[in-house]
Amino acid sequence: MVGNPLLGRIQNREAKVGVVGLGYVGLPLGMAFAEAGFPVTGLDVDQRKIDKIAKGESYIKHIPSAPLAELTNAGKLKATNDFAKSRELDCVVICVPTPLTASREPDMTFIIQTGEALAPYVRPGQLFILESTTYPGTTEEVLKPLLEKNGLKAGVDFFLAFSPEREDPGNKGFNTKTIPKVVGGYSPACLEVAVALYGSALKEVVPVSSTRVAELAKLLENIYRCVNIAMVNEMKMLCDRMNVDVWEVIQAASTKPFGFQPFYPGPGLGGHCIPIDPFYLTWKAREFEFHTKFIELAGEVNWQMPYYVVQRTMEALNQNKKVLNGAKVLCIGAAYKKDIDDHRESPSLRVMTLLKEKGAEIAYHDPFVKELHKGHGFNMEMKSVPLDPETLNQYDAVMILTDHSHIDYNELVQRSNIVVDTRNATKNVTQGREKIVKA
């Protein structure tokens, strides 16, 4: 293995750090390294992001522009689409998307493209870290061969590691710096350097024995949530049949001070990780002739929730002697959770698609997601409409798909004909409760 001059450069904050992919994970991570004193270069193919960073303007709601501008103005953080610049970098952290294909299999396109873009510029002594959520084995089986194309070897000529991202947009209790960072290295020397890098910028680093352990730890974290959300979603459907309020049931169960953690139902799962991770692991498990029945079932239950929500909406309209075909429906919320601008894998998009397919005339309101474009299974171009109390009664149904905090739900219920509430946002509404349908 090469000597460890990189350790000294990291300890002295002289190591040049690069972050590939300047989205919800990459941008705050790059800022954290820059704030710790490292010179940081962001690499991205999206010129819009590069231009915004150059101006010190944040394009992510929960990341303020002021600290970003301070870093860019001081020359501590810059961005480029020129991957040849990676040769000048000492440490390169890869934070690119890992979606599913149409057949729900892992899509390694962005990791492969990134590896191919970096490969010509790999030099001895560099550190490469993958952060993208993926199946165990990706770092060694997919990324490593790409970075070794020019003859250099991981663990011999350059360092290689995996550290799963743990971003939670909108969570005010934790941020990139304070969330413990799991790190697995391709070799002990690789782990040492990766731990040193993260330890120089983040509060706590948790080393593990291999990249595969780190990769699987991330999947376990999110599959844990997926399975429990699936259970409570199924409980919600049963409670509807029994005419029991599942939200009251959860609140009552939550009073137990041990052995119970509350999870909450919704119109489906959103975000980049939780809806996707179960299928990454079940796909990989087939290689070992293992069928992850329990995990697959949870994934299927959650994937079916948008269909259930649409069915409940059809039933609510039917009670008012209306049909979904031709009905005017206003969807509240396109983001996958409240008070953020992230609509990746949002169940709202699937619900809107299903409504459209059944002939409904749909509109949506979301102050954080001003426009929706085609892609990722969504085939419409739409703009958010104002939430005007005077026009709410023009819609046959209003669906609460994301419970943003800015909305006056009392007024919304009073002025609407039907309100289909998938988030329990109307729990404190006192008047007009007969209009509310829980879904």
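How many salt bridges does the count come to, if a salt bridge is a side-chain nitrogen of Lys or Arg within 4 Å of a carboxyl oxygen of Asp or Glu? The count comes to 18 salt bridges, and several of them serve as stops on this tour.

The model is predicted, so local features need pLDDT of at least 70 and side-chain atom pairs count only at pLDDT 80 or more, whereas totals for chains, interfaces and linings use all residues. Residues are numbered from 1 along each chain as its sequence is written, and side-chain values use heavy atoms, with hydrogens and water left out.

**The whole chain**

Begin with the C-alpha trace, which spans about 75 × 50 × 40 Å along its principal axes. Colour by secondary structure and 13 helices and 15 strands appear, these being DSSP runs numbered from the N terminus (helices H or I, at least four residues; strands E, at least two). Of the 439 residues, 54% count as buried, where buried means under 20% relative accessible area, exposed over 50% and partly exposed in between, with a 1.4 Å probe and protein chains only.

**Salt bridges between distant parts of the chain**

Select E35 and K177, whose salt bridge has its closest N and O atoms 2.5 Å apart. This pair links distant parts of the chain, with E35 in helix α2 (residues 26-35) and K177 in the loop between β6 (159-162) and β7 (181-185), 142 residues apart. E35 counts as partly exposed because its relative accessibility is 38%, and K177, at 32%, is also partly exposed.

Select R123 and D90 next, where the side chains meet in a salt bridge of 3.2 Å, N to O. R123 sits in the loop between α5 (109-118) and β5 (127-130), while D90 sits in the loop between β3 (77-80) and β4 (91-94), 33 residues apart. R123 is partly exposed, with a relative accessible area of 22%, whereas D90, at 8% relative accessibility, counts as buried.

Then select E390 and R415, which form a salt bridge with the closest N and O atoms 3.5 Å apart. Here E390 lies in the loop between β12 and β13, and R415 lies in helix α13 (residues 409-415), 25 residues apart. E390 counts as exposed at 55% relative accessibility, and R415 as partly exposed at 32%.

To end this part, select E141, R212, K284 and E287 together, since these residues are linked in a network of salt bridges.

**A buried acid**

Move to D277 in helix α10 (residues 277-285). D277 is buried yet has no salt bridge, and the nearest side chain of opposite charge, K218, is 5.3 Å away; in this comparison Lys and Arg count as positive and Asp and Glu as negative, with His and the chain ends not counted. Leaving aside neighbours within four places in sequence, D277 is in contact (heavy atoms within 4.5 Å) with T133, K218, L219, N222 and I223.

**Helix α12 and a loop**

Select residues 347-357, helix α12, which is mostly covered, with eight of its eleven residues buried. Among the buried residues are P347, L349, M352 and L355, and the elements that cover the buried residues include α11 (293-319), β9 (328-332), β10 (361-365) and β13 (397-400). Just after α12, G359 takes a positive phi of about 95°.

Finish at N379, in the loop between β11 (371-372) and β12 (382-383), which is exposed, with a relative accessible area of 59%. A distance drawn between the C-alpha atoms of N379 and I229, 150 residues apart along the chain, gives 27 Å.
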